[in-house]
Amino acid sequence: MQYAKLGKSGMKVSRLCLGTMNFGPITDEKEAFRIMDAALDAGINFFDTANVYGWGENSGLTETIIGRWFKQGGGRREKVVLATKVYGAMSDKLDGPNDEHGLSSYIIRRHLEGSLQRLQTDHIELYQMHHVDRSVSWDELWSAFELAVSQGKIGYVGSSNFAGWDIAVAQQEAKARGFLGLVSEQHKYSLTCRLPELEVLPASRSLGLGVIPWSPLDGGLLGRNALKKIEGSRSGGNAERVEQYKSQLEAFAELSLELGEPQDNIALAWLLANPAVTAPIIGPRTLEQFESALRSLEVLLDESVLKRLDEIFPGPGGAAPQAYAW
(Lines give C-alpha, C1' and ligand atoms only; values in the text may rest on other atoms or scores of the structure.)
Protein backbone atom coordinates (compact mmCIF):
# COMPACT_ATOMS: atom_id res chain seq x y z
CA MET A 1 0.00 0.00 0.00
CA GLN A 2 1.10 3.55 -0.71
CA TYR A 3 0.63 6.34 1.85
CA ALA A 4 0.75 10.12 1.80
CA LYS A 5 0.39 12.92 4.31
CA LEU A 6 -3.07 14.45 4.30
CA GLY A 7 -2.48 18.02 3.20
CA LYS A 8 -0.28 20.00 5.58
CA SER A 9 -1.07 17.64 8.45
CA GLY A 10 1.41 15.10 9.74
CA MET A 11 -1.16 12.31 9.42
CA LYS A 12 -0.48 9.63 6.81
CA VAL A 13 -3.35 8.01 4.95
CA SER A 14 -3.55 5.29 2.33
CA ARG A 15 -3.72 6.48 -1.30
CA LEU A 16 -7.12 4.85 -1.64
CA CYS A 17 -9.87 5.84 0.77
CA LEU A 18 -12.61 3.35 1.60
CA GLY A 19 -15.97 5.01 1.08
CA THR A 20 -18.79 3.48 3.09
CA MET A 21 -21.90 5.19 1.68
CA ASN A 22 -23.28 1.86 0.41
CA PHE A 23 -23.04 0.19 3.82
CA GLY A 24 -26.58 -0.33 5.04
CA PRO A 25 -28.76 0.85 2.15
CA ILE A 26 -27.13 -1.44 -0.46
CA THR A 27 -24.45 -3.54 1.22
CA ASP A 28 -25.58 -5.55 4.22
CA GLU A 29 -23.66 -5.54 7.47
CA LYS A 30 -21.99 -8.91 6.96
CA GLU A 31 -20.58 -7.91 3.57
CA ALA A 32 -19.59 -4.50 4.92
CA PHE A 33 -17.59 -6.21 7.66
CA ARG A 34 -15.86 -8.39 5.05
CA ILE A 35 -14.94 -5.33 2.99
CA MET A 36 -13.57 -3.41 5.99
CA ASP A 37 -11.54 -6.42 7.13
CA ALA A 38 -10.14 -6.80 3.61
CA ALA A 39 -9.30 -3.09 3.52
CA LEU A 40 -7.19 -3.38 6.67
CA ASP A 41 -5.54 -6.52 5.32
CA ALA A 42 -4.64 -4.59 2.14
CA GLY A 43 -3.17 -1.72 4.15
CA ILE A 44 -5.98 0.77 3.59
CA ASN A 45 -6.21 2.81 6.78
CA PHE A 46 -8.40 5.69 5.53
CA PHE A 47 -12.16 5.17 5.96
CA ASP A 48 -14.72 7.82 5.00
CA THR A 49 -18.34 8.07 6.09
CA ALA A 50 -20.95 10.71 7.02
CA ASN A 51 -23.56 11.08 9.72
CA VAL A 52 -26.40 11.12 7.14
CA TYR A 53 -25.36 7.91 5.35
CA GLY A 54 -28.20 5.43 5.49
CA TRP A 55 -30.34 8.37 4.39
CA GLY A 56 -33.77 9.58 5.44
CA GLU A 57 -35.22 7.70 8.38
CA ASN A 58 -32.11 5.50 8.36
CA SER A 59 -29.65 8.39 8.71
CA GLY A 60 -26.80 7.23 10.92
CA LEU A 61 -27.09 3.58 9.89
CA THR A 62 -23.71 3.49 8.15
CA GLU A 63 -21.91 4.97 11.15
CA THR A 64 -23.69 2.42 13.34
CA ILE A 65 -22.43 -0.46 11.17
CA ILE A 66 -18.87 0.87 11.36
CA GLY A 67 -19.21 1.23 15.13
CA ARG A 68 -20.29 -2.39 15.48
CA TRP A 69 -17.31 -3.42 13.33
CA PHE A 70 -14.97 -1.45 15.61
CA LYS A 71 -16.58 -3.12 18.63
CA GLN A 72 -15.24 -6.50 17.47
CA GLY A 73 -11.82 -5.34 18.65
CA GLY A 74 -8.63 -6.79 17.28
CA GLY A 75 -7.10 -3.34 16.93
CA ARG A 76 -9.62 -2.32 14.28
CA ARG A 77 -10.23 1.16 15.64
CA GLU A 78 -6.55 1.86 16.27
CA LYS A 79 -5.63 0.97 12.69
CA VAL A 80 -8.17 3.30 11.04
CA VAL A 81 -7.89 6.97 10.17
CA LEU A 82 -11.58 7.71 10.53
CA ALA A 83 -13.30 10.50 8.62
CA THR A 84 -16.94 11.50 8.94
CA LYS A 85 -19.00 14.55 8.03
CA VAL A 86 -21.49 17.02 9.47
CA TYR A 87 -24.06 19.26 7.78
CA GLY A 88 -27.21 17.34 6.84
CA ALA A 89 -30.34 17.10 8.97
CA MET A 90 -30.53 13.85 10.91
CA SER A 91 -33.52 11.54 11.30
CA ASP A 92 -33.38 11.94 15.10
CA LYS A 93 -33.74 15.72 14.90
CA LEU A 94 -36.06 17.38 17.36
CA ASP A 95 -37.93 19.36 14.70
CA GLY A 96 -36.98 22.66 16.30
CA PRO A 97 -35.61 25.72 14.49
CA ASN A 98 -32.05 24.65 15.30
CA ASP A 99 -32.42 21.10 14.03
CA GLU A 100 -32.21 21.63 10.29
CA HIS A 101 -29.14 21.17 8.13
CA GLY A 102 -26.22 23.54 8.42
CA LEU A 103 -23.09 24.25 10.41
CA SER A 104 -24.11 26.23 13.45
CA SER A 105 -22.12 25.62 16.63
CA TYR A 106 -25.25 23.91 17.99
CA ILE A 107 -25.41 21.45 15.08
CA ILE A 108 -21.68 20.75 15.12
CA ARG A 109 -21.69 20.01 18.87
CA ARG A 110 -24.83 17.85 18.88
CA HIS A 111 -24.11 15.96 15.67
CA LEU A 112 -20.51 15.29 16.68
CA GLU A 113 -21.75 13.65 19.87
CA GLY A 114 -24.21 11.56 17.83
CA SER A 115 -21.46 10.38 15.45
CA LEU A 116 -19.16 9.45 18.33
CA GLN A 117 -21.91 7.35 19.92
CA ARG A 118 -22.84 5.55 16.70
CA LEU A 119 -19.20 4.94 15.79
CA GLN A 120 -18.47 3.67 19.32
CA THR A 121 -15.33 5.76 19.62
CA ASP A 122 -14.18 8.76 21.62
CA HIS A 123 -12.49 10.59 18.75
CA ILE A 124 -12.60 11.15 14.99
CA GLU A 125 -9.39 11.80 13.09
CA LEU A 126 -10.92 13.95 10.34
CA TYR A 127 -14.19 15.83 10.88
CA GLN A 128 -15.45 17.28 7.61
CA MET A 129 -18.01 19.92 6.75
CA HIS A 130 -20.18 18.08 4.23
CA HIS A 131 -21.12 21.33 2.48
CA VAL A 132 -20.37 25.01 2.81
CA ASP A 133 -22.70 27.07 5.02
CA ARG A 134 -22.14 30.73 4.18
CA SER A 135 -24.83 31.82 6.65
CA VAL A 136 -22.52 30.98 9.59
CA SER A 137 -19.50 33.14 10.40
CA TRP A 138 -16.03 31.67 10.45
CA ASP A 139 -15.65 32.97 13.99
CA GLU A 140 -18.47 30.63 15.02
CA LEU A 141 -17.22 27.73 12.91
CA TRP A 142 -13.60 27.85 13.98
CA SER A 143 -14.60 28.39 17.60
CA ALA A 144 -16.70 25.19 17.50
CA PHE A 145 -13.97 23.14 15.82
CA GLU A 146 -11.22 24.51 18.07
CA LEU A 147 -13.22 23.39 21.09
CA ALA A 148 -13.71 19.89 19.64
CA VAL A 149 -9.96 19.65 18.93
CA SER A 150 -9.03 20.85 22.43
CA GLN A 151 -11.40 18.27 23.92
CA GLY A 152 -9.69 15.52 21.91
CA LYS A 153 -12.89 14.63 20.10
CA ILE A 154 -11.50 15.43 16.65
CA GLY A 155 -7.98 15.62 15.28
CA TYR A 156 -8.28 17.64 12.09
CA VAL A 157 -10.92 19.57 10.17
CA GLY A 158 -11.75 19.05 6.50
CA SER A 159 -14.18 20.51 4.01
CA SER A 160 -16.30 19.03 1.25
CA ASN A 161 -17.95 20.64 -1.76
CA PHE A 162 -16.25 23.99 -1.09
CA ALA A 163 -15.47 26.50 -3.82
CA GLY A 164 -11.89 27.68 -4.19
CA TRP A 165 -12.71 31.03 -2.59
CA ASP A 166 -14.42 29.32 0.36
CA ILE A 167 -11.17 27.44 0.99
CA ALA A 168 -9.16 30.66 0.77
CA VAL A 169 -11.43 32.50 3.23
CA ALA A 170 -11.44 29.55 5.63
CA GLN A 171 -7.65 29.38 5.71
CA GLN A 172 -7.27 33.15 6.10
CA GLU A 173 -9.66 33.18 9.05
CA ALA A 174 -7.96 30.17 10.65
CA LYS A 175 -4.53 31.76 10.31
CA ALA A 176 -5.78 34.92 12.01
CA ARG A 177 -6.81 32.78 14.99
CA GLY A 178 -3.55 30.82 15.08
CA PHE A 179 -5.45 27.66 14.13
CA LEU A 180 -4.31 24.99 11.66
CA GLY A 181 -7.49 25.30 9.58
CA LEU A 182 -8.49 22.86 6.87
CA VAL A 183 -6.25 19.94 5.94
CA SER A 184 -8.43 18.43 3.20
CA GLU A 185 -11.14 19.12 0.65
CA GLN A 186 -13.40 16.30 -0.48
CA HIS A 187 -14.66 17.18 -3.93
CA LYS A 188 -16.41 15.65 -6.92
CA TYR A 189 -13.63 15.07 -9.40
CA SER A 190 -13.19 12.59 -12.26
CA LEU A 191 -12.38 12.36 -15.96
CA THR A 192 -15.92 13.52 -16.70
CA CYS A 193 -15.95 16.23 -14.01
CA ARG A 194 -12.81 18.34 -14.35
CA LEU A 195 -14.06 21.79 -13.35
CA PRO A 196 -12.19 21.57 -10.00
CA GLU A 197 -8.98 22.07 -12.01
CA LEU A 198 -9.95 25.73 -12.47
CA GLU A 199 -10.01 26.84 -8.82
CA VAL A 200 -10.39 24.08 -6.21
CA LEU A 201 -7.27 22.04 -6.96
CA PRO A 202 -4.94 25.06 -7.26
CA ALA A 203 -6.34 26.61 -4.07
CA SER A 204 -6.02 23.33 -2.19
CA ARG A 205 -2.40 22.78 -3.24
CA SER A 206 -1.43 26.35 -2.42
CA LEU A 207 -3.15 26.44 0.96
CA GLY A 208 -2.13 23.01 2.24
CA LEU A 209 -5.20 20.85 1.63
CA GLY A 210 -5.12 17.30 0.35
CA VAL A 211 -7.85 16.65 -2.23
CA ILE A 212 -10.05 13.60 -1.70
CA PRO A 213 -12.07 12.98 -4.89
CA TRP A 214 -15.55 11.55 -4.45
CA SER A 215 -17.43 9.81 -7.25
CA PRO A 216 -14.15 9.11 -9.08
CA LEU A 217 -16.04 6.85 -11.52
CA ASP A 218 -18.89 9.34 -11.90
CA GLY A 219 -21.53 6.99 -10.54
CA GLY A 220 -20.32 4.07 -12.66
CA LEU A 221 -20.15 6.01 -15.92
CA LEU A 222 -16.40 5.39 -16.07
CA GLY A 223 -16.72 1.74 -15.05
CA ARG A 224 -15.99 -1.27 -17.17
CA ASN A 225 -19.68 -2.07 -17.65
CA ALA A 226 -20.95 1.38 -18.61
CA LEU A 227 -21.42 0.57 -22.30
CA LYS A 228 -22.82 -2.88 -21.58
CA LYS A 229 -25.71 -1.46 -19.53
CA ILE A 230 -25.76 -4.61 -17.41
CA GLU A 231 -28.98 -4.90 -15.44
CA GLY A 232 -28.35 -4.17 -11.80
CA SER A 233 -25.01 -2.45 -12.38
CA ARG A 234 -24.54 1.14 -11.27
CA SER A 235 -24.44 2.17 -14.93
CA GLY A 236 -27.90 0.67 -15.42
CA GLY A 237 -29.54 3.87 -14.23
CA ASN A 238 -27.18 5.96 -16.32
CA ALA A 239 -28.73 5.20 -19.72
CA GLU A 240 -29.20 8.84 -20.73
CA ARG A 241 -25.73 9.84 -19.60
CA VAL A 242 -24.17 6.82 -21.29
CA GLU A 243 -25.81 7.95 -24.52
CA GLN A 244 -24.60 11.51 -23.94
CA TYR A 245 -20.99 10.40 -23.46
CA LYS A 246 -21.16 7.43 -25.83
CA SER A 247 -18.42 8.49 -28.28
CA GLN A 248 -16.07 9.36 -25.40
CA LEU A 249 -16.82 6.14 -23.57
CA GLU A 250 -16.19 4.13 -26.73
CA ALA A 251 -12.80 5.83 -27.15
CA PHE A 252 -12.09 5.19 -23.47
CA ALA A 253 -13.00 1.52 -23.88
CA GLU A 254 -10.66 1.27 -26.88
CA LEU A 255 -7.80 2.78 -24.86
CA SER A 256 -8.62 0.39 -22.01
CA LEU A 257 -8.36 -2.56 -24.39
CA GLU A 258 -4.97 -1.35 -25.65
CA LEU A 259 -3.62 -0.96 -22.13
CA GLY A 260 -5.08 -4.25 -20.94
CA GLU A 261 -6.65 -2.53 -17.92
CA PRO A 262 -10.35 -2.00 -17.15
CA GLN A 263 -11.73 1.52 -17.43
CA ASP A 264 -12.41 1.95 -13.73
CA ASN A 265 -8.80 1.25 -12.78
CA ILE A 266 -7.54 3.66 -15.43
CA ALA A 267 -9.90 6.36 -14.14
CA LEU A 268 -8.59 5.86 -10.59
CA ALA A 269 -4.97 5.74 -11.76
CA TRP A 270 -5.52 9.04 -13.60
CA LEU A 271 -6.57 10.67 -10.32
CA LEU A 272 -3.67 9.12 -8.43
CA ALA A 273 -1.24 10.62 -10.97
CA ASN A 274 -2.37 14.15 -10.04
CA PRO A 275 -0.07 15.66 -7.37
CA ALA A 276 -3.04 17.57 -5.86
CA VAL A 277 -4.87 14.32 -5.10
CA THR A 278 -4.26 12.49 -1.83
CA ALA A 279 -6.73 9.61 -2.08
CA PRO A 280 -9.73 8.92 -4.33
CA ILE A 281 -12.71 7.45 -2.50
CA ILE A 282 -13.70 3.99 -3.68
CA GLY A 283 -17.22 2.91 -2.76
CA PRO A 284 -17.43 -0.85 -3.26
CA ARG A 285 -20.73 -2.64 -2.83
CA THR A 286 -19.07 -6.06 -2.71
CA LEU A 287 -15.76 -7.56 -1.67
CA GLU A 288 -15.03 -8.39 -5.31
CA GLN A 289 -15.42 -4.75 -6.33
CA PHE A 290 -13.09 -3.72 -3.52
CA GLU A 291 -10.41 -6.22 -4.53
CA SER A 292 -10.61 -5.10 -8.14
CA ALA A 293 -10.07 -1.44 -7.21
CA LEU A 294 -6.76 -2.23 -5.49
CA ARG A 295 -5.20 -2.86 -8.89
CA SER A 296 -5.42 0.88 -9.68
CA LEU A 297 -2.47 1.52 -7.36
CA GLU A 298 -0.25 -0.49 -9.70
CA VAL A 299 -1.40 1.17 -12.93
CA LEU A 300 1.14 3.75 -14.10
CA LEU A 301 0.03 6.05 -16.91
CA ASP A 302 2.78 7.57 -19.04
CA GLU A 303 2.61 10.99 -20.68
CA SER A 304 1.25 9.61 -23.94
CA VAL A 305 -1.66 7.94 -22.16
CA LEU A 306 -2.39 11.04 -20.09
CA LYS A 307 -2.44 13.06 -23.31
CA ARG A 308 -4.93 10.66 -24.90
CA LEU A 309 -7.15 10.86 -21.82
CA ASP A 310 -7.06 14.65 -22.12
CA GLU A 311 -8.16 14.32 -25.72
CA ILE A 312 -11.01 11.96 -24.83
CA PHE A 313 -12.13 13.89 -21.73
CA PRO A 314 -10.96 17.50 -22.17
CA GLY A 315 -10.51 19.53 -19.02
CA PRO A 316 -11.09 23.27 -18.62
CA GLY A 317 -7.60 24.01 -19.89
CA GLY A 318 -5.78 24.30 -16.58
CA ALA A 319 -6.08 26.68 -13.67
CA ALA A 320 -7.92 30.00 -13.72
CA PRO A 321 -7.49 32.55 -15.15
CA GLN A 322 -4.96 31.17 -17.63
CA ALA A 323 -7.52 28.58 -18.73
CA TYR A 324 -9.69 31.26 -20.28
CA ALA A 325 -7.68 34.48 -20.41
CA TRP A 326 -4.33 35.58 -21.79
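Here are some questions and answers about a predicted model, taken one spot at a time.

Q: Is Lys 85 buried or exposed?
A: Let's start with where Lys 85 sits, which is strand β5. Residues under 20% relative accessible area count as buried. Lys 85 has a relative accessible area of 0%, so the word for it is buried.

Q: Which side chain joins that of Lys 85 in a polar contact of 2.8 Å?
A: Lys 85 has plenty of neighbours, among them Thr 49, Ala 50, Tyr 127, His 130 and Gln 186. Its side chain makes a polar contact with the side chain of Tyr 53, at 3.1 Å. The contact of 2.8 Å, though, is with the side chain of Asp 48.

Q: Where is Glu 185, and is Glu 185 buried or exposed?
A: Glu 185 belongs to strand β8, which covers residues 182-188. Its contacts include Ser 159, Ile 167, Val 200, Leu 209 and Ile 212. With a relative accessible area of 0%, Glu 185 is buried.

Q: Which backbone nitrogen does the side chain of Glu 185 reach at 3.0 Å?
A: There are two to name here. A polar atom of the Glu 185 side chain lies 3.0 Å from the backbone nitrogen of Asn 161. That side chain also reaches, at 3.0 Å, the backbone nitrogen of Phe 162.

Q: What distance separates the C-alpha atoms of Glu 185 and Pro 213?
A: Along the chain, Glu 185 and Pro 213 are 28 residues apart. In space, their C-alpha atoms are separated by 8.3 Å.

Q: How are helices α6 and α7 oriented to each other?
A: Take α6 as residues 164-177 and α7 as residues 200-207: their axes come within 8 Å and cross at roughly 20 degrees. Angles under 35 degrees count as roughly parallel. The two helices, α6 and α7, are therefore roughly parallel.

Q: Which residues of α7 make the contact with α6?
A: The crossing of these two helices, α6 and α7, is left-handed. On the α6 side, the contact is made by Gly 164, Ile 167, Ala 168 and Gln 171. On the α7 side, it is made by Val 200, Ala 203, Ser 204 and Leu 207.

Q: What is the orientation of α1 to α2?
A: The axes of α1 (residues 29-42) and α2 (residues 61-71) come within 10 Å and cross at roughly 60 degrees. That angle makes α1, relative to α2, oblique.

Q: How many charged residues are in the contact of α1 with α2?
A: From α1 come Glu 29, Ala 32, Phe 33, Met 36, Asp 37 and Leu 40, meeting Ile 65, Ile 66, Arg 68 and Trp 69 of α2. Sorted by kind, the contact has seven nonpolar residues and no polar ones, and the charged residues number three.

Q: How many of the residues of helix α10 are buried?
A: Helix α10 spans residues 263-272, and its buried residues include Asp 264, Asn 265, Trp 270 and Leu 272. They pack against β9, α9, β10, α11 and α12. The helix is largely enclosed by the rest of the structure, because the buried count is 10 of the 10.

Q: Which residue has its backbone nitrogen 3.1 Å from a polar atom of the side chain of Ser 104?
A: Ser 104 is in the loop between β5 and α4, and at 19% relative accessibility it counts as buried. Farther along the sequence, Ser 104 touches Val 136 and Glu 140. The backbone nitrogen lying 3.1 Å from its side chain belongs to Ile 107.

Note on methods:
Residues are numbered from 1 along each chain as its sequence is written. This is a predicted model: local features need pLDDT of at least 70, side-chain atom pairs count only at pLDDT 80 or more; totals for chains, interfaces and linings use all residues. Side-chain values use heavy atoms; hydrogens and water are left out. Axes are lines fitted to C-alpha atoms, for helices over the stretch in contact, and angles run from 0 to 180 degrees between N-to-C directions. Helices (H or I, at least four residues) and strands (E, at least two) are DSSP runs, numbered from the N terminus. Angles under 35 degrees count as roughly parallel, over 145 as roughly antiparallel, 65 to 115 as roughly perpendicular and the rest as oblique. A crossing is left-handed if the near helix is turned anticlockwise from the far one by less than a right angle, and right-handed if clockwise. Contact means heavy atoms within 4.5 Å. Buried means under 20% relative accessible area, exposed over 50%, partly exposed in between (1.4 Å probe, protein chains only). A polar contact is a pair of N or O atoms within 3.5 Å; within protein, one must be able to donate a hydrogen and the other to accept it, and residues adjacent in sequence count only if both atoms are side-chain atoms. Ala, Val, Leu, Ile, Met, Phe, Trp, Tyr, Cys and Pro count as nonpolar, Asp, Glu, Lys and Arg as charged, and the others, Gly among them, as polar. Lists of a residue's contacts leave out its neighbours within four places in sequence.
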